[in-house]
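Subject: Structure handover

Hello,

Please find the structure we spoke about below. My notes on it come after.

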Amino acid sequence: MYDQSQGVNYLNCSRGFWSWFGTLDHKRLGLMYMWSVMGAMLIGGVFAMVMRLELFAPGQQFVDAEAFNQLFTLHGAIMVFLVIIPGVPAALGNFALPLMLGAKDVAFPKLNRLSYHLWVVGALFFVGVLLTTGLDTGWTFYAPYSTLHSQTAVVWATFGAFFLGFSSIFTGINFIATIHKMRPPGMTWFKLPLFCWGLYATAIMQILATPVLGITLLLVGVERMLGVGIFNPALGGDPVLFQHLFWFYSHPAVYIMVLPPLGIISELIATYSRKHIFGYRFIAMSSVAIALVGFIVWGHHMFVSGQSALTSIVFSAITFFVAIPSAIKVFNWVATLYKGSIVMKAPMIYALSVIWLFGIGGMTGLWLTTLQQDIHLHDTYFVVAHFHYVLVSGAVFSMFAAAYYWLPKWSGVMPNKLLGELHFWSSLISVNLLFFPMHFVGLAGMPRRYADYALQFADYNFWISIGGFWFGLSQLLFLAVCVLCAMKKGEKAPARSWEGAEGLEWEVPSPAPFHTYDTPPVVK
Amino acid sequence: MTLLLPLLAALQSQPGQEGGFWFPVQASNHAPFYDWVFFFILIVSAVFLLAITVSAIWFLFKYHRSRAPEPEPSTSHSTTIEIVWSVIPAFLLAYMFWLGFVGFMDHRTPPADAYEIYATGRKWSWSFTYPNGAESEELHVPLDRPVKIIMGSQDVIHSLFIPAFRVKQDVVPGRYTDLWFTATMEGEFELYCAEYCGKDHSSMQSTVFVQPEGQFNAWAEEAADFISKLPPAEAGARVFKMKGCIACHSTDGSVITGPSFKGQFGTERKLADGSTVVMDENYIRKSILEPNSQVVAGFDPVMTNFQGQVTDDQIRVLIEYIKSVKE
């Protein structure tokens, strides 16, 4: 079926800048997303390490308060808008989704290319921000600070985020259409791979929530440039309104970031246990449940914002409902291991660590949604610990797991085993050294976004910084693994690169040919 | 539950003023129940995390390829199990919600007879106003008496946070918010701004002084009429600190966010639009009440508007103080 005799594949079928930048091929777009996102991650990571350098010891040593505020703002904005939101759906999803469905491509290849180009435009706006006055509003753009007081390039940043929002919406539209219309004969909804369920749930949120972010950021621009009173009370506006609008997007955005990664974990644990996933339907439906309930919990970011007590109570109660589908996933993963035949390859050890790390991130969420507990913990390092456990050791570790899993399909060679395991252990230890003490320093009362801190927080911050540098440097190992694969240094990968891997993506050679699945396969 | 209670009590015991491993010292009425709920959730979470970790590690050991070359046949679905492990946690979650609700309602319901203090947040300092007209940049409260803090902001959103009291509430421009507590321990406690508010957010800190009622009253009396008792420049120095001018204007020549006042009175200042103005009494008054109308060249128009926030007396002594800051 596939002529690999000349060694022609999607990587070398054509050459030149435009054959890549102008491509309609989902695999090339996925790969370009991957490198772009890794570039953005490098910048966001360097910002975080400079912050940790400043927080290494109390007092001001390396950067002043103004620079520090820029660092945490850009770290957050880059990591959220340029890395994690596009990272899993756009980068991994683009490559894997059509292959997993046995489809030729996504439903709308030109729209897909536009998504990537809009990502590039959005990224250029952020480069513009960096080259001009920077940005000091926090990634949350809270009004009236952002609309009246900040002297930085707020409008540039909001436009950047606006373009990135459309990039994300278009990817969502594409994936929904692809999953609805391009499943092969025999692949019913409940035979859909769980990663695809995660992408589907995420796509719903991308389409419904992201426009609200776009509108909100435009309103910030309107108030800032034209002086129309929307959020600023001096002009008759309401600053709390901004928070409602902002979190209406940004809370679902958290699930945009974590649902596809959790889908990956479900795939991997089943594969490397050589078993069918336990509780398939419950896991699939838990993703949809989280996506739907995720829309009506945004007010839990605002328990001390001045919103009414009744509103807070309702949001707290609804938020507790998210804990149940999240717990269902974790329990089913553990149950899948039972009576399996488990192999500990690099993707699997990452997946297993996510069960535990995501568990911690989820459980710290229990305190934060318990109304009274949130009063003390809100806006302290406890919150920083919570969302980094979910997003770094949850989502980013899942991305690592997925990368090791699919690297053979992308590159044609197996990822380096030694470097991969070294990367895992080094990242696992350092990520805990980095984020675990943040719980304690938060309980002790250290607020987040502080350029300097009182002496009693010094010991914790010392170790957090050590963990930070260590974790940051560990990622060079990942870069090395990727570069080795890109250079074809390593063991040649067969079509089915991992024993027990059953998805349709493993039916095609590695690296994938340019044209895959001219005729859809039949799923039994 | 009977097993949990002694464990909770053990976790909660704290060595004196220092605070324990987990929390700062318990210095308000809210703290004991707050900490109890924290440890309750901690124990529930720890039990679940331990159960997940131990069973995962056990399965990894027992069903590793070296011991289990082939997967054994086993069911891949059980609605009963799914319902069991959804419903049991649901009861625990409902109880957590209930605890949080009860504690929250207590935090949000100040007693009717609470002593009321107005707080103002502004970039980057706090100001507290007491019923007798006294004002301070630090928070003074009487021991063992309910205190309600009614808060407003002059510019952006701030958040008043006292870790030892387990209280926090955003301070929002254009509306009042409030919080309450009864301080149960004499001493000094840290007060932070917890909502990012711009450049010097991390230095927007203050102190809470808890004193027995007699000492507190004596302090409040003295603080209420220092302007009439002290020489104007000395009173002005106190207002300069109290109103937070000190956060942006130095008196030693160093430039912070705004110009320094050292030796500036009577000199000619160059404005952003190229014109010049002499720094006299009227210029100072105008700069306090309409701060961004005549900004000195080289500075951003970011000063908070103090219209309605300072009295004529306070402006008078401030002017005297600025005059007194010479070489």
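The notes below cover the contact between the two chains and then the contact between two domains of one chain.

This is a predicted model, in which local features need pLDDT of at least 70 and side-chain atom pairs count only at pLDDT 80 or more, while totals for chains, interfaces and linings use all residues. Residues are numbered from 1 along each chain as its sequence is written, chains are lettered from A and ligands numbered from 1 in the order in which they are written, and side-chain values use heavy atoms, with hydrogens and water left out.

Chain A and chain B

Contact (heavy atoms within 4.5 Å) involves 87 residues of chain A and 83 residues of chain B. Together the chains bury about 7400 Å², with 66% of it on carbon and sulfur atoms; buried area is the accessible area (1.4 Å probe) that two parts lose on being put together, summed over both. On the chain A side, A:Phe331, A:Lys339 and A:Gln372 provide 10% of the area buried against chain B, more than any other three residues.

Three salt bridges cross this interface, a salt bridge being a side-chain nitrogen of Lys or Arg within 4 Å of a carboxyl oxygen of Asp or Glu. One of them joins A:Asp238 to B:Arg175, at 3.1 Å from N to O. There are also 30 residue pairs in polar contact, both residues at pLDDT 80 or more. A polar contact is a pair of N or O atoms within 3.5 Å; within protein, one must be able to donate a hydrogen and the other to accept it, and residues adjacent in sequence count only if both atoms are side-chain atoms.

Helix 10 of chain A gives 15 residues to the side that touches chain B, the largest share. Helices here are DSSP runs (H or I, at least four residues), numbered from the N terminus.

Domains 1 and 2 of chain B

An automatic or database domain assignment splits chain B into domain 1 (4-64 + 78-107), domain 2 (115-223) and domain 3 (232-324). The contact between domain 1 and domain 2 of chain B takes 15 residues from domain 1 and 14 residues from domain 2. These two domains bury about 1200 Å² between them, 54% of it on carbon and sulfur atoms.

One salt bridge is found across this domain interface. B:Asp35 and B:Arg166 form a salt bridge, with their closest N and O atoms 2.8 Å apart. Polar contacts between the two domains number 11 residue pairs, both residues at pLDDT 80 or more.

Regards

Note on methods:
Helices (H or I, at least four residues) and strands (E, at least two) are DSSP runs, numbered from the N terminus.
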